[in-house]
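Colleague: Hi, I'm new to this one. Could you put it up on the screen and walk me through it?

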4 protein chains.
Amino acid sequence: MNNPPRLSFASDYMEGAHPDILRRLSETNLLPTPGYGADQFTAAARDKIREACAAPQAEVHLLVGGTQANAVVISSLLRPYQGVIAPDTGHISVHEAGAIEAGGHKVLTLPHRFGKITAGQIRELLDRYRGDETRDHMVMPGMVYLSQPTEYGTLYTAAELREISALCREAGIPLYIDGARLAYALACPENDLTLPELARLCDVFYIGGTKCGALFGEAVVFPRPGLIPHFFSIIKQRGALLAKGRLLGLQFDTLFTDGLYLRVGRPAIDAAHRIRRALKENGYRLFFDTPTNQIFCVLENRQLERLAQWVDFGFWEKQDQSHTVVRFATSWATRPEDAEALAALLARERDR
Amino acid sequence: MNNPPRLSFASDYMEGAHPDILRRLSETNLLPTPGYGADQFTAAARDKIREACAAPQAEVHLLVGGTQANAVVISSLLRPYQGVIAPDTGHISVHEAGAIEAGGHKVLTLPHRFGKITAGQIRELLDRYRGDETRDHMVMPGMVYLSQPTEYGTLYTAAELREISALCREAGIPLYIDGARLAYALACPENDLTLPELARLCDVFYIGGTKCGALFGEAVVFPRPGLIPHFFSIIKQRGALLAKGRLLGLQFDTLFTDGLYLRVGRPAIDAAHRIRRALKENGYRLFFDTPTNQIFCVLENRQLERLAQWVDFGFWEKQDQSHTVVRFATSWATRPEDAEALAALLARERDR
Amino acid sequence: MNNPPRLSFASDYMEGAHPDILRRLSETNLLPTPGYGADQFTAAARDKIREACAAPQAEVHLLVGGTQANAVVISSLLRPYQGVIAPDTGHISVHEAGAIEAGGHKVLTLPHRFGKITAGQIRELLDRYRGDETRDHMVMPGMVYLSQPTEYGTLYTAAELREISALCREAGIPLYIDGARLAYALACPENDLTLPELARLCDVFYIGGTKCGALFGEAVVFPRPGLIPHFFSIIKQRGALLAKGRLLGLQFDTLFTDGLYLRVGRPAIDAAHRIRRALKENGYRLFFDTPTNQIFCVLENRQLERLAQWVDFGFWEKQDQSHTVVRFATSWATRPEDAEALAALLARERDR
Amino acid sequence: MNNPPRLSFASDYMEGAHPDILRRLSETNLLPTPGYGADQFTAAARDKIREACAAPQAEVHLLVGGTQANAVVISSLLRPYQGVIAPDTGHISVHEAGAIEAGGHKVLTLPHRFGKITAGQIRELLDRYRGDETRDHMVMPGMVYLSQPTEYGTLYTAAELREISALCREAGIPLYIDGARLAYALACPENDLTLPELARLCDVFYIGGTKCGALFGEAVVFPRPGLIPHFFSIIKQRGALLAKGRLLGLQFDTLFTDGLYLRVGRPAIDAAHRIRRALKENGYRLFFDTPTNQIFCVLENRQLERLAQWVDFGFWEKQDQSHTVVRFATSWATRPEDAEALAALLARERDR
């Protein structure tokens, strides 16, 4: 039997947490701390995040999940008559079960290119709105939502984001970045958007924990404080306030100790690089190329079935009757030997 | 001076009401009646609407305006996790300032063709939703919204609506028709969708008053009663309950006495026919052809400016640098001499 | 048969409109005007209201109904984490089917005394909130809602409202007055709160039309403009924008021509005075005394049944097994002979 | 120095989790599992909860926090025109920052007695609503919310809950119980409301984890499945779906293995018993008596200040100028020596 053991490349939230986090949870378990984020771990996490972002005044709120963070931030930023500009592939556009609309707001979608939208597209939408005689009967574009990396694993460059940021400031609308997988951007050699640059360019962004080494948790950062007054009460009202805030505090304190967050995504990037190389060497067709931990590949359907016997991966979309786009996702927990095993499997299945 | 007097073809809600309505308002003015629709005029209006729709059990609610009717009906029909399927040109998609989203729901748009969508498109959307592994993270299609006539003045045929209705019943989702301009459909020779047919095919629709001869008012009809329990309280909660419900009752009682509603749109249709003929005869280019009271025409920009000196009409969209799509709308109040005057003006401006 | 004809004292929205309004509706019926409040009548109404309020900068929006006005204003003024302070008898607390909560906000009720609350009570509530360690987990008081006259037909004095206004400004929260029956306050000799004084003391108030001589309509006045940016779009989104805004414009233009609004309530006040006198002279027990058009009276149940044969009035509440509190409401349409007829009836029924 | 070390009786969510939970988190940390509750731990937790509740068909959803559970359940159960009946001291009434209203619904409060309300009070409210002629303009009572134990640490008896449950079924409205501290009820000798009895009497309830030995988590139980269709999508839409559902599954699996949940509150009850005895023996005045883990006691203010030097506890309310009501809360993590230390401190401070 030379079959590899079953491999897991289905997503990046399949495992628990970085071992340092679990260790510290155990060490501090019986220490009594105040609730709702008034504990010392949360204070330390906030300080370290501010430092990592070179944003000493930043307001930092630790929430549990990404859809929650998006819904709370967006509904708080928008006035009733406003909507949020987003790529049509944005997580808020498709995969949050209508959370933005449930909060009262339209998602104003723009067609993506590899998960991204451009300053030009945003400007055109703003101009179209302003130039419309019936605009007071329409939803006003009130903010911009992007994700880094995108839903398709691609990256905005610093130059691209600077252009979007400048446009948003000119238009007087906030720019918000969903960083659910931000660690995988930061670990990429191709990436030139650092945390301090993000903090300079955005009005609010979140640093993903759930998919980046934490059990759960997303750190919402307002580089300039006070953008949303009484945000704490809004978090509470939305059912998004964790009683034992220490759990969030301790996780982000750990992730931002000794730069762990900047390193935690590297195993994923290395593994993805190895897998992409194997795909290319073995004649597989990439759907499109990405630098981060998500790899999109077009498989012939029988090939897909054979691979699915040995490895978990994601079905992305049908391409035609006989081909399917699939996604391999690596994570902070992917080991080099897992990537090698997948590479071997891909080589083996090539010839059949 | 052989210039015509200034002509009004900007929209179909520019005048007051059919003279019969004003007369009856005056006659009944000092008669005390109970409020909130418990008056005798509302009772009579309901009976006459039921009869006109051949729907003796129908539940009829009289609301003040169209956006209001759409918002109240749609938010009441949908469960929190559902959205409403609509053409991308639907009034709810574009021109209600986000009222549907403010009520908590996504508008699931389909690309229109001349303002219409097909059963095939709806089926494909339903199939795509059901076939998606992640559908529980998505907005479930929960009802269908159409308008008759459409935003582009076109008409669904009875055959088209039967197919959509059958699909909705198969899928278990209600079909709702916005009849803001319904009188103009009913007055069209091309129309084969009668009120009884609408009542058979829809789960709820509204009969437009505001644009069809009333001062204001839209009659929401549930052919089979009880679809939305306690709809009266929902209307009240949404601020949509008129204290002096008699005003709505008396208007719809008048519109449905001696078949006035079936006749009230004819002057508009006749006038539109005359104008379309003048446009064609004088070499103007129709944007596309429509049988109802809205006429879409492509004007060269200098031509547009000259016409705009004598006549009010609507700017629809830019076509290119030198051409603009405009809309001429006739109404129940358009007189034959107004149509003739516009025809003469169009002939005069052709040559310049 | 010396029985009087059936008398109508059930409420103040039982008739149509002041004859001047109907006359002008007829005169202007076929004049084309732009929609949505861009017409000349609305412009004139706004100017005249500004003048009557001595508030030349005031922003005036004409809405259709009271619950609608309350819901739109309150939900627009409050931030998500705030609630509205109101008397427990306030219309928004009890009789709007939860419209404020449907808009996302708690009504923070204070116990009324004859429909009124005091600056002292409001201050205590604000202090209690501020002094509570867990206040960030509670609803923040964000504005004050009162009505003039109150639900019980009583009046705030200028001195009382000045104290409340000063407190609101000190606390930084807006003061909003529901003037559904404002004409009846303004027509009262006891009233010392003029329109200019209201405009000085409030951040927003509405001048009631529906119960005060109009077919429908409430004029929302922001004495200092810009309090709610893009209020027009919010009105549209809430389904509260009347297509033929001219109907509102023309009604308020008429009510504010030659001071009609200040006079329109007088017949009601005179009639109420006559009825109160008859009640007192004939030994009926007032529930409490009121200066406006609502009269609350305690009837023995058999007396109530006899009166109910000849006159329509409102059942307010059970007092005990054998007594009931009822309400007689007069209106702008009440004629002196109606009041006399009721007085005669009350005298006749006293002895039986 | 014979001073005790600083003692922690401020609340029951000050520590991490029961050691068995942390141990299992560590053991399973790198095991890949599917997300969103499709993992084997969640399946096992659901089975064990069904068994503990003797409700083999029960639908079980694991959420992160109590305010979240309340908001999601209540807004899903109520129709737009309905409100939730609750004691005026209920957590949803006071301490959830308006979450229920933000979801669109009024909390219909009843005056509590030691945190409890009675079937008689609920019946009276229902009767008052039904008997009101204007009820269609009011909020309809649509469900009942209680907590066990209550906010005041008191318990409903099985007899009391049976009466309320019978009334709810007669009235056709669901009964929901907030069991944030349910383990402390179940560990009480005075309690006669078992999990199977709760499952029989309620339409939905939640079993608290956050305050009862878990890091976080509340298990929402529908004893009869299908009460809220597509509840999963609603949870997602509300931002309440944990990506790594395994964390919730594993915690509840642990709490329901070998009856741990029935035992986990005992240390709290034993400690509370010891502290209550010490208070009584030393002449302290209980605010009122409670059988669970919350002890309310009236302290003279100087006494309070002295105690506050050595022990953390909660300030409940001012009683008068010189007395304050405080709360000592024990928890699953309170050790016998902590209770002894507090008892000794109370004895020492008595005489001063």
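Modeller: Sure. Let's begin with a salt bridge in chain B: the side chains of B:Arg335 and B:Asp338 meet there, at 2.8 Å from N to O. Keep in mind that this is a predicted model.

Colleague: Okay. Is B:Asp338 buried or exposed?

Modeller: B:Asp338 counts as buried, because its relative accessibility is 16% and the cut-off for buried is under 20%. Its partner B:Arg335 counts as partly exposed, at 44% relative accessibility.

Colleague: And which residue does D:Asp312 form a salt bridge with?

Modeller: With D:Arg6, and the closest N and O atoms are 2.6 Å apart. That pair links distant parts of chain D. D:Asp312 is in strand β11, residues 311-312, while D:Arg6 is in the segment before β1 (7-8). They are 306 residues apart.

Colleague: How accessible are D:Asp312 and D:Arg6?

Modeller: D:Asp312 is partly exposed, with a relative accessible area of 30%. D:Arg6 is partly exposed too, with 47%.

Colleague: How many salt bridges are there over all chains?

Modeller: A search of the whole structure finds 85. One of them, in chain A, is formed by A:Arg224 and A:Asp203, with the closest N and O atoms 4.0 Å apart.

Colleague: Where in the chain are A:Arg224 and A:Asp203?

Modeller: In two loops, 21 residues apart. A:Arg224 is in the loop between β8 (218-222) and α10 (231-237), and A:Asp203 is in the loop between α9 (195-201) and β7 (204-208). A:Asp203 counts as buried at 16% relative accessibility, whereas A:Arg224 counts as partly exposed at 39%.

Colleague: Which residues are linked in a network of salt bridges?

Modeller: A:Asp20, A:Arg23 and A:Glu27 are linked that way. As for the general idea, side chains of opposite charge can pair when their charged atoms come close.

Colleague: Let's switch to aromatics. How many aromatic pairs are there over all chains?

Modeller: The count comes to 54. Take B:Phe256 and B:Tyr261: their ring centres are 5.1 Å apart and their planes are at 15°, so the pair is stacked. Both B:Phe256 and B:Tyr261 are buried.

Colleague: Why is the pair of C:Phe287 and C:Phe288 tilted?

Modeller: It comes down to the angle. The ring centres of C:Phe287 and C:Phe288 are 5.4 Å apart and the planes are at 45°, so that pair counts as tilted. To be stacked, planes have to be under 30 degrees apart, and over 60 would be edge-to-face. C:Phe288 is buried, with a relative accessible area of 8%, but C:Phe287 counts as partly exposed at 28%.

Colleague: Which residues do ring pairs link into a cluster?

Modeller: In chain A, ring pairs link A:Phe114, A:Tyr152, A:Phe287, A:Phe288, A:Phe296 and A:Trp316 into a cluster.

Colleague: What about charges over rings? Where does the charged end of A:Lys116 sit?

Modeller: Over the ring of A:Tyr156, 5.5 Å from the ring centre. In chain B, B:Lys116 lies over the face of B:Tyr156, at 5.5 Å from the ring centre.

Colleague: Now something on a helix. Where does A:Gln303 lie?

Modeller: A:Gln303 lies in helix α14, residues 301-308 of chain A. A:Gln303 counts as buried, at 16% relative accessibility. Setting aside neighbours within four places in sequence, A:Gln303 is in contact with A:Tyr284 and A:Glu349.

Colleague: Last topic, the chains. What turn lays chain A on chain D?

Modeller: A turn of 180°, with a shift of 0.0 Å along the axis and an RMSD of 0.0 Å. The two copies are thus related as by a two-fold rotation axis. The same surface serves both copies, since 100% of the contact residues of chain A recur in chain D.

Colleague: How many residues of chain A are in contact with chain D, and what area do the two bury?

Modeller: 42 residues of chain A are in contact with 42 residues of chain D. The two chains bury about 3,400 Å² between them, with 62% of it on carbon and sulfur atoms.

Colleague: How many salt bridges are found across the interface of chain A and chain D?

Modeller: Zero.

Colleague: And what turn lays chain D on chain C?

Modeller: A turn of 180° again, with a shift of 0.1 Å along the axis and an RMSD of 0.0 Å. 100% of the interface residues of chain D are also interface residues in chain C, so these copies meet through the same surface.

Terms used:
Residues numbered from 1 in each chain as written. Chains lettered and ligands numbered in written order. Predicted model: local features only at pLDDT ≥ 70, side-chain atom pairs only at ≥ 80, totals over all residues. Heavy atoms only, no water. Least-squares fit on C-alpha atoms with pLDDT ≥ 70 in both. Contact = heavy atoms within 4.5 Å. Phe/Tyr/Trp six-rings, centres within 6.5 Å; stacked < 30°, edge-to-face > 60°. Buried < 20%, exposed > 50% of the residue type's maximum accessible area, 1.4 Å probe, protein only. Lys NZ or Arg CZ within 6 Å of the ring centre and 35° of its normal. Helix = DSSP H or I, 4+ residues; strand = E, 2+ residues; numbered from the N terminus. Buried area = accessible area lost by both parts, 1.4 Å probe.
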